[in-house]
Amino acid sequence: MAYRQLQGTNRGVSTGAPVAYSRPMPGRVGRSALRVQAVAEAERPTAAKSSASAEPVTHDITSKLKYLFGRNGDYTNADAYQGTAWSVREKLIDSFNKTHEHWKKEDPKFIYYLSAEFLMGRSLTNTVYNLGIEGEYGAALRDLGYQMEKVADAERDAALGNGGLGRLAACFLDSMATLDLPGWGYGIRYKYGMFKQGLKNGYQVEMPDIWLTKGNPWEVKRDDIKFEVGFGGRVERKKVNGKEMTVWTPSEKVVAQAYDNPIPGYATPTTSNLRLWDAVPIHEFDLGAFNAGDYDRAMLERERAEGISAVLYPNDSTPEGKELRLKQQYFFVCASLQDVMSRFRAVHGSNWEALPEKACFQLNDTHPTIAVAELMRLLVDVEGLEWDAAWTITTKCLNYTNHTVMPEALEKWPVKVMAKMLPRHMEIIEVINEGWTKWLGVHLKDLKSEERAQKIAAMSIIHANPWNADEMLVNMAYLAVVGSSAVNGVAAIHSNIVKDEILNDFYQIFPSKFQNKTNGVTPRRWLAWCNPELAALITEALGSSEWINDTEKLAGLRAFASDPAFQAKWSAVKKAKKAKLAELIKKIHGDDVNQNALFDIQIKRIHEYKRQYLNVLSIIWRYKQLKKMTPEQRKAAVPRVCVIGGKAASAYDMAKRIIRLVTAVGDVINKDPETKDYLRLYFLPDYNVSLAETIIPAAELSQHISTAGTEASGTSNMKFQMNGCLIIGTWDGANIEIAEETGVENVFVFGVRAEEINQLRKDRKNFKTDPRWDELMKDIEGGMFGDKDYFKPLVDSVNNMKVGNDWFLLANDFAGYLAAQEEVDATYKDQSEWLRRSIMYTAGSGKFSSDRTIREYAEDIWHVKPARPSA
Ligand code: 26W
């Protein structure tokens with residue numbers, strides 16, 4: 001079919017209309033309403049309709065296919081994806097160049113987002129819709145006999161991140177571009193991203209994420225942008241043209257090669273950039289070694305260099321503490337700062353005092369914190385500034401975001417590792433710490449000397465390892481706080497915990513530095529593009545699609561929450577999305593699920609604090625209740641299809657046991673003839689951005705049940721809310737603000753509060769567990785789901801106070817959780833109430849757009865202004 005059409009087509013003549021720039025400008029309601037309608041229709045292949053404007057696009061895709069694959073026809077969906085992507089790429093680059101020409105001319109202040117992770121997912125769909133060219137491309141692909149959705153499915157996810165932190169960075173880039181903010185992301189171009197997760201006999205297995213084999217149409221290699229990055233070596237003091245200078249002579253050098261990934265804004269001509277660095281050797285190949293027959297040494301430098309940006313560390317809470325990880329962090333920070341300074345120097349010469357007016361940096365958690373020392377090195381050692389002048393510039397330029405309060409996640413690098421790999425930086429950190437502790441000494445002069453000494457020791461950036469006194473550590477969070485102008489948490493409760501607990505000493509000293517910036521997610525990818533049917537309904541109800549970049553307008557849906565006609569349409573959309581998820585479950589597990597069941601979802605990284613274990617316990621209890629029921633009673637029960645998904649860090653044993661428990665319980669209940677029509681549990685493997693885009697629109701209930709005070713914010717909760725999915729959750733992270741916006745009465749809240757945790761942990765061993773809990777512990781321990789030895793550590797961790805301590809208080813929240821689940825069932829039975837709440841969730845999700853979050857960063861921390869190029 002496809003083949004035939006390609007052969008005949010020479011309809012390449014351009015209609016003259018600049019297809020790329022047919023973007024609807026905000027405010028033009030007619031066009032935009034039409035546009036969203038187009039979104040929904042784009043997917044439905046109606047062969048007849050081949051719009052004139054699609055001609056040039058059809059031609060362009062065909063020629064790309066022809067010359068990319070060098071053959072004339074019979075192209076797969078994957079080929080069509082490549083052809084389409086390389087065609088769209090050109091429009092993206094045009095917009096990129098226009099934007100950067102404008103920014104070059106305007107020379108505005110820039111924000112640079114430094115992150116070790118950018119969880120971008122797929123780009124084709126997002127790029128086509130953000131550029132407003134889905135009409136042409138949808139029509140062209142239809143003309144060629146393809147469906148945009150199927151073609152888009154052929155794209156590999158850019159999985160250059162672990163979870164929340166990495167995905168937040170990606171959402172922020174979309175909002176920064178959409179808000180016309182001069183801003184770039186800087187990170188690492190990992191050759192292998194987040195591992196692919198498989199299930200072998202119900203156990204997680206990891207496979208390398210070989211995502212670049214077919215090239216990457218969304219990146220532009222910048223051959224002209226390379227910087228040297230050094231490691232190791234020695235530091236000397238030398239007189240350089242009469243001035244005492246510090247000279248660092250690295251023992252190892254690599255080259256950072258830049259790749260640009262244009263980031264299209266929505267409904268604006270702005271396309272910004274994500275610059276990722278690839279590590280390459282200075283010397284391609286050591287011919288001398290080769291000729292001497294030492295082939296390994298001939299390739300050694302290449303392997304060592306490429307090893308730096310080869311793979312993403314798959315941990316999302318416990319630092320591996322591996323030297324290579326620090327090498328990765330320094331590699332991209334060094335290249336990024338050199339890059340920014342060379343652009344500044346090109347315009348402003350060595351007027352470095354002005355740098356903070358033209359550039360500021362956001363440190364995405366502690367991972368890029370070596371930037372504090374690196375900026376000092378570049379300003380003092382390379383540019384020859386005085387220490388204090390350099391320090392003023394550095395602290396003005398840098399800002400730090402904390403994303404977790406988990407003690408084990410706060411990076412502390414052994415001084416000896418830092419000193420060996422980055423000898424000059426370790427010196428600089430020592431000098432910073434000296435200045436800091438001396439300043440503290442003066443600032444805390446009113447304290448008694450004993451207390452002052454204690455305080456200073458407690459706030460020292462360099463301190464002894466609490467578990468082994470003769471090892472000194474560099475506390476990266478302390479370095480980030482001392483070296484930054486602003487420090488923020490990612491949700492109200494989290495920012496308070498940062499201020500009142502983990503960084504309280506610093507808060508006492510610099511209260512004005514500490515802020516809150518509640519997270520957000522981009523409504524483009526996470527509603528308009530992954531759920532176009534719901535988007536069309538919202539636009540129809542609100543009379544315009546302006547909500548897509550002005551989500552406060554979603555509040556207008558409250559007027560429709562109890563409207564039966566609107567509820568019916570709302571429900572129909574959810575049903576259609578549930579059917580799609582049912583299709584996926586069928587494809588993966590081979591089972592047909594009851595599509596009238598309540599779709600109950602928990603998708604996020606597997607971690608004990610996120611308590612997937614508690615979810616499984618409630619499912620086992622529900623199963624046991626169903627078993628005790630008569631068939632009639634079962635008929636009255638609310639059937640559930642439970643889905644759990646998420647990766648466990650490859651070295652995180654307990655998390656892997658939790659995954660096995662999920663698959664083991666699923667194996668039993670899904671096959672049970674008595675209950676399988678009323679309860680199912682599926683673990684969907686390889687949870688990633690694309691899978692989330694399929695699951696979230698189909699969800700009716702989502703679970704965010706972390707122990708209060710442990711989940712900094714959460715962002716999937718916001719994505720579910722936007723898609724009208726109700727939440728059962730604890731009073732933690734952004735769940736609290738979601739409840740405030742949606743109406744707490746609409747959220748199924750349970751569990752102990754953060755302020756109770758410390759005491760409850762102390763009393764846990766005397767806590768009288770619920771008899772249902774005891775029963776379940778016996779069941780698992782007794783082998784009800786097999787593998788009892790493998791599950792024993794899981795049971796012990798929460799139920800045997802001699803070995804475990806139930807640190808995340810599952811037993812304490814068990815009864816409240818089951819009660820909340822019963823409330824869910826009761827509410828679901830009243831579909832008009834359920835749908836009213838569902839609409840109220842979307843209506844209350846306006847605050848959780850990353851546009852709102854980025855506006856706050858821009859106004860309160862970065863002080864950058866929009867600079868929109870002309871259309
Ligand atoms: C060094 C190993 C490591 C790697 C990643 C430690 C910690 C991390 C991240 C900070 C973990 C993370 O992704 N945190 C999540 O960040 C999200 C975005 O702010 C929040 O919504 C989540 O609550 C938080 O767990």
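This report covers the overall build of a predicted model, then one helix and two buried residues.

**Whole chain**

The protein chain holds 35 helices and 24 strands. Its radius of gyration is 28 Å, close to the 29 Å that the globule rule gives for 871 residues, so the chain is as compact as a globular protein of that length. The C-alpha trace spans about 90 × 80 × 60 Å along its principal axes.

Of the 871 residues, 61% count as buried. Contacts reach far along the sequence: among those with a separation of 6 or more, 78% join residues 24 or more positions apart. The exposed surface of the protein chain is about 32700 Å², and carbon and sulfur atoms supply 55% of it. Side-chain charges number 110 positive and 112 negative. The centres of these two sets lie 2 Å apart.

**Lys719 and Ser849**

UniProt, in an unreviewed entry, places the feature "modified residue: N6-(pyridoxal phosphate)lysine" at Lys719. Lys719 sits in helix H28, which runs over residues 716-722. Ser849 lies instead in a loop, between helix H34 (831-843) and helix H35 (850-862).

Are these two residues buried or exposed? Lys719 has 7% relative accessibility, and buried means under 20%, so Lys719 counts as buried. Ser849 has a relative accessible area of 2%, so Ser849 is buried by that cut-off too.

The table lists their contacts, not counting residues up to four places away in sequence.

| Residue | Relative accessible area | Residues touched |
|---|---|---|
| Lys719 | 7% | Arg167, Val521, Trp526, Ile696 |
| Ser849 | 2% | Gly520, Val521, Pro523, Thr551, Met722 |

Val521 appears in both rows: Lys719 touches Val521, and Ser849 touches Val521. Ser849 also touches Met722, and residue 722 ends helix H28, the helix that holds Lys719.

**Helix H13**

Helix H13 covers residues 371-382 and is mostly covered. How many of its 12 residues are buried? The count is 11. Charged residues are among them: Glu374, Arg377 and Asp381 are buried in H13. Others on the buried list include Ala371, Val372, Leu375, Met376, Leu378, Leu379 and Val380. Just after H13, Gly384 takes a positive phi of about 75°.

Ala373 is another buried residue of H13. Where does Ala373 stand relative to Ser849? The two are 476 residues apart in sequence. In space they are 34 Å apart, C-alpha to C-alpha.

Note on methods
Residues numbered from 1 in each chain as written. Predicted model: local features only at pLDDT ≥ 70, side-chain atom pairs only at ≥ 80, totals over all residues. Heavy atoms only, no water. UniProt positions renumbered as here; feature names shortened; annotations may be inferred. Helix = DSSP H or I, 4+ residues; strand = E, 2+ residues; numbered from the N terminus. Buried < 20%, exposed > 50% of the residue type's maximum accessible area, 1.4 Å probe, protein only. Contact = heavy atoms within 4.5 Å. Rg over C-alpha atoms; globule rule 2.2 N^0.38 Å. Areas by Shrake-Rupley, 256 points an atom, 1.4 Å probe, with all protein chains shown as cover. Lys, Arg positive; Asp, Glu negative; His and termini not counted. Charge placed at Lys NZ, Arg CZ, Asp CG, Glu CD.
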